[in-house]
Amino acid sequence: MKLFFTTLSIMLISMSLQAQNSQSKGRPVYLDERQPIEARVKDALSRMTLEEKVKLCHAQGKFYSNGVPRLGIPGLWSSDGPHGVRFEMNWADWGHSGWEIDSCTAFPTLTCLAATWNEELAYQYGKGVGEEARYRNKNVMLGPGVNIYRTPLNGRNFEYMGEDPYLAATLVVPYIKGVQSNGVASCVKHYCVNNQETNRMGVNVEVSERALREIYLPAFRAAVQEAGVWALMGSYNKVRGQHACHNEYTLQTILKGEWGFDGVVMSDWDGTHNAKEAAYNGLDIEMGTSNRPDKGIFGRNFRFDESYLGNDFLKGLRDGTYPMELVNDKATRVLRLIFRTAMNRQGFGKMDYAAHSEIVKQIGSEGVVLLQNNKVGKTPLLPIAPSQYNKILIVGDNATRVLSHGGQSSELNPQHETSVLKAFQDRYGDKISYAQGYAVERNPNEQLRQEAVEKAKQADLIIYVGGLNKESGQDCEGSDRRSMGLSFGQNELITALLNANPRIVFVMMSGNAMELPELKRMPAILHAWYLGSDAGDIVADIITGKVCPSGKLPFSYPVRLEDNGAMSFGAESYPGVNGTQTYKEDILVGYRWHDTKGIPALFPFGYGLSYTTFKYGKPTLNGRTVTVAVTNTGKVEGKEVVQLYVGDDQASVLRPVKELKHFKKINLRPGETQTVTFTINDDDLKFYDEASKGWKLEPGSFTLYIGSSSTDIRGKLKLSI
Ligand code: BGC
């Protein structure tokens, strides 16, 4: 009997194996999902004509690039990025297609994510955006952006993750893993040294090798080596004389050589300028292509095959100008990306607004930074108990504006965006009144100001919602801000409001550091970024104390614009002279500059207040392990970001006083203590040595700073190597 069953099961197994074999025999390897991707790519490539390979290397629509229709291999649909899935766009111009079903969840902008200092939230963010992208049939999400915050004037800072390479590198990794867990590629951008919008299409950046390695590249390197990002976008500017979209050094030597990137390099839209460089220097897909003046192509007059990596490339391959390896390498990479995304059948995403709103709220709640909370009477103004107030006046254009709109490529069509006014009205009904106060006009609007001031005199409390917006010249792609100040007459309005009623909470929407009027008289200031779909609820929860603020600044607020390193060197450093700019502050970006030069920031990197207080115990060092106990000594539950900075006591080169190397965000109930540990590794101590072209650890003494911000240091240790 036993023998019978054994024979039967052997027969059944072998029959099923035969069935499987005959299935895979009939199916080409590239279509067989059980085969490894590399085998499928190789097989697909072997079946393709030269023309089909070249077709993979350039766009065929504004946000579409080719597949191989004859073989049933789909093309790639891309979308901006990075805060949600963009409006559907026209085939060949920048217009909206006008679909009614292209709404999305608007996630808080990336500066807000950086201000959470929370890796788990970065993963949830990426996962949520990726789910919506997959649902909307997008294969490549154009983002996240990890260009370093070099000057407060950069119009695109809000799309990036602040001034510190370690913070940006730490958060970009889970974001990308989250997106890609859906079979959607992240396309990390804009590689590299694209730190301003002024002259962005061609400014030539001269930057030292050390600053490149220590400041501007680490987040890209982490995206490649730790997150395994599948795509990367070259930037518009030139790097040391050559356009970044076909820059031999940054793409071939560093990205594909040193870092072993196996994904696809896409150009920024119209960022390709030279056929030969595009062929040789590591560009895989050319996007855009409305700038072939030599072929009479401008703007809307698209002819996609006239790309540099289109007909020019094909001709060069046919007549032997270019070796076939060039197109085979590009096509292999594009196929790999297609197999990872468009031909990857794992799930189909979801447009779960309710679940994604929860993530938005968490990110916003942990990202808003409480900059100031002075006493009015005996207690700090925030949080407020609305029961104490009968008349709350909300003032400001940003209290009602849909801030997910605008900003250019990062614009979104949110399924809902709750304004601050709406959130307060929903909660407190008749107690709430509104005055616009200022309008987005060239000249300040006297009438609006006067109306607001009159209403302010009658109110018990004013919530002023202002700052920047997403219009050109504010926080918006394509141009930089002209100054660090507020526009539209907001300074005068704020002074007039304070004169009428000093009980004001300033909710500042902005992706950038600001010059703040009336700082001494303004009791409470929240830096509230752009918070996306649930902006109003997030702000209301913080103002009323439902949420205890825990965001920490991902960049420094200089007192004056010229206190910022990049800005202190004049036009040669920013925005450049005769088409070239030199990063004269070198490695001293952000707090590295303020600390090392002894120029205090108004609000330093890593800073942010709470409704509770935290006491740090004495840190200890055991070998390479740092331990510190942190206690919540206040009355409410709250989160604290424990930060560890390293300084090199004597070095053969200039080193910043301190650099962020570890952090941990913890949640503590009143009275609760938690012990945080960090392990110092060699990489935390090294600098990039230009002479030996490598990272160098110089033995000696190091100071470890444990603090609540880059300047609020609660304990120091000495480490000897
Ligand atoms: C921007 C990119 C964006 C692309 C597509 C470019 O102008 O610089 O960030 O992804 O357009 O919209």
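Start with an open sheet of four strands, whose order is 9-8-6-22 and whose pairing is mixed. Strands here are DSSP runs of E with at least two residues, helices are DSSP runs of H or I with at least four residues, and both are numbered from the N terminus. Two strands pair if DSSP finds at least two bridges between them. This is a predicted model, in which local features need pLDDT of at least 70 and side-chain atom pairs count only at pLDDT 80 or more, while totals for chains, interfaces and linings use all residues. Residue numbers run from 1 along each chain as its sequence is written, and side-chain values use heavy atoms, with hydrogens and water left out.

**Stop 1: the edges of that sheet.** Select 242–243 (strand 9) and 580–582 (strand 22). Each stands at an edge with a single partner strand, so one side of each has no neighbour in the sheet.

**Stop 2: who sits beside strand 22?** Now add residues 204–206, which make up strand 6; this strand pairs with strand 22 in the parallel sense, over three bridges. Which residue of strand 22 stands opposite E206? Look for T582.

**Stop 3: strand 7.** Jump to residues 231–234 and colour the two faces separately. A231 and M233 lie on one side, L232 and G234 on the other, and all of them are buried (under 20% relative accessible area with a 1.4 Å probe, protein chains only). In a regular strand, side chains alternate between the two faces of the sheet.

**Stop 4: the partners of strand 7.** Select 185–191 to bring up strand 5, which pairs with strand 7 in the parallel sense over three bridges. Here Y191 is opposite G234. Then select 264–266: that's strand 10, also paired with strand 7 in the parallel sense over three bridges. In this pair, M233 faces M266.

**Stop 5: zoom out.** Show the whole chain and you've got 19 helices and 33 strands on screen. Its C-alpha trace spans about 80 × 70 × 60 Å along the principal axes. How many of the 721 residues count as buried? The share is 61%.

Turn on contacts (heavy atoms within 4.5 Å). Of those with a separation of 6 or more, 74% come from residues 24 or more positions apart.

Last, colour by charge, with Lys and Arg as positive and Asp and Glu as negative, leaving out His and the chain ends. You'll find 81 positive and 80 negative side chains. The centres of the two sets lie 3 Å apart, with each charge placed at NZ of Lys, CZ of Arg, CG of Asp or CD of Glu.

How values were computed
Buried < 20%, exposed > 50% of the residue type's maximum accessible area, 1.4 Å probe, protein only.
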